[in-house]
Structure formats: structure tokens, C-alpha cells
Amino acid sequence: MGSYVYTYSKRWPTATMVLHNYRRGYGLGYDSVSDDYKLVLIDDTLELGDISIVYSMKRNYWEWSRIPLDLFMLEARGSFVEGFLNWGSGRNIVAFALDTEEFCQVPLPNGIKGLALMNVGVLGGCLMMTHANISESKRNVWVMKDYMVKDSWSKLYVLPSVPIKVIDQISSE
């Protein structure tokens, strides 16, 4: 698969950007401040590195900006909570504020650091995270009861990881 070449309107840089053949992330959410639904695409360009491409349905307009955060092992689907789209990555949870169109990091529970398998979702209207260090054989399920409040994380479950043998058997069937 090759790369795609896009040329953009006046809001885009004058140079043509070459995007890789995949989107690194995406999400759709509602911005209550501007009463607008926004589609966010996260992509990787050869010239600019990681960028966000935001489509405003109300304005019918695309805008882009560089992303100043570490997106190592970013999961594809963003989860919408409290006006933010959230993605798990290998080292952190990345959030995009739909009202200000800025990226930030969600504070992690105490003791979580380093390279990990991290996924986010929504559970009961709260941000939920599954987390497993690369070397561990278990996955922890956490819920952030008050969004963006570090001390509001609560561990719900500890799940055993699926053994590689089981995954291999399922994929060969």
C-alpha cells in the first residue's frame, strides 16, 4: 500500500503533505460550547510529524495542527468523555478538548508508568482504562470517576491475560 498525497485549501500549508497509508487515530464528539459535532483524525506526515485534522460539521471546514505529545502505540478509536476525545497509548492517555481544540494528557493512576498496553473506553459515563505492563500476565481495569482528577481513579478488576496459545488457535481456525 502506498502513501496518499493531499493538497489542501487556504487553511492548509502551501506545500503538499504526504500522509502515510493509515490513520493513527480518529474520534467523533460533541462540542457543547459551540454546539458542533467534530470529527478528529490523527495522522502522520513526512514533513510535519503527527498532526490532528479536525472537521467542524457546523462550519463545514477542516483545520489541522501539530500534536505536541507522545503518540507511541496510539490506539485507533477515540472515546468521548466530558467534551474530550481520549486515546490510550503505550505511555499515557492522550485527550483532545473539542472546545479549545488542544491536546493534553489525562493523569494516570498512581504507580502506572513506563511502557504498557493501554486502552480506553467509557463505562457508566466515566473514562475507563485497561492497563497491562508488557511483562505482566494480567490486565487491570480502572475507572476515573471525576474526569481529569488523578485521585478519582479506582481499580475495578484484575483480569488474567489471554495466553498467546489461545490467540494462535483462534487465528488459525
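## Close-ups of a strand-rich predicted model

**View 1. Three aromatic rings gather in a cluster.** Trp 87, Phe 96 and Phe 103 are linked into a cluster by ring pairs. Keep in mind throughout that this is a predicted model. Two of these residues also meet through the backbone pattern, with Phe 96 standing opposite Phe 103 in strand 10. The strands concerned, 9 and 10, pair in the antiparallel sense over five bridges. Phe 96 turns up again in View 5, as one of the residues of a 13-residue core.

**View 2. The sheet around that cluster has four strands.** Step back a little and you get an open sheet with the order 7-8-9-10 and antiparallel pairing. Its edges are strand 7 (79-81) and strand 10 (102-106), each of which pairs on one side only. From one strand to the next, the twist averages 35 degrees.

**View 3. A second open sheet is built from strands 11 to 14.** Here, too, there are four strands with antiparallel pairing, in the order 11-12-13-14. Strand 11 and strand 14 (153-160) have a single partner strand each, so one side of either edge strand lacks a neighbour in the sheet. The twist averages 20 degrees between one strand and the next. Zoom in on strands 13 and 14 and you can follow antiparallel pairing over seven bridges. A handy spot to start is Val 141, whose bridge partner in strand 14 is Tyr 157.

**View 4. Leu 127 sits among the best-connected residues of the largest nonpolar core.** This core has 17 residues, and those with the most contacts inside it are Ile 93, Val 106, Leu 127, Met 129, Tyr 147 and Trp 153. Two or more residues each come from strand 9 (93-97), strand 11 (116-123), strand 12 (126-133) and strand 13 (138-144). So what does Leu 127 touch, leaving aside residues up to four places away in sequence? Its contacts include Val 81, Asn 86, Ile 93 and Val 106, along with Val 120 and Gly 121. Trp 142, Val 143, Met 144, Tyr 147 and Trp 153 are on the list as well.

**View 5. Another core lies apart from the largest one.** This one has 13 residues, among them Ile 42, Leu 71, Leu 74 and Phe 96. For the wider setting, 41% of the 173 residues in the protein chain count as buried.

**View 6. Strands 5 and 6 make a hairpin.** Strand 5 (residues 49-56) pairs with strand 6 (residues 61-66) in the antiparallel sense, over six bridges. Val 54 has Glu 63 of strand 6 as its bridge partner. Four residues lie between the two strands, and in this hairpin Asn 60 takes a positive phi near 55 degrees.

**View 7. Two tyrosines form a tilted pair.** The structure holds five aromatic pairs. One of them joins Tyr 30 and Tyr 37, at 4.9 Å centre to centre and with 50 degrees between the planes. Are these tyrosines buried or exposed? Tyr 30 is partly exposed, with a relative accessible area of 28%, and Tyr 37 also counts as partly exposed, at 46% relative accessibility.

**View 8. The whole chain, for orientation.** The protein chain has one helix and 14 strands. Among its contacts with a separation of 6 or more, 38% come from residues 24 or more positions apart. About 9800 Å² of the chain is exposed, and carbon and sulfur atoms supply 55% of that area.

How values were computed. Residues numbered from 1 in each chain as written. Predicted model: local features only at pLDDT ≥ 70, side-chain atom pairs only at ≥ 80, totals over all residues. Heavy atoms only, no water. Buried < 20%, exposed > 50% of the residue type's maximum accessible area, 1.4 Å probe, protein only. Contact = heavy atoms within 4.5 Å. Areas by Shrake-Rupley, 256 points an atom, 1.4 Å probe, with all protein chains shown as cover. Pairing = 2+ DSSP bridges. Phe/Tyr/Trp six-rings, centres within 6.5 Å; stacked < 30°, edge-to-face > 60°. Core = buried A, V, L, I, M, F, W, Y, C linked by side-chain atoms within 4.5 Å. Axes fitted to C-alpha atoms, helices over the stretch in contact; angles between N-to-C directions.
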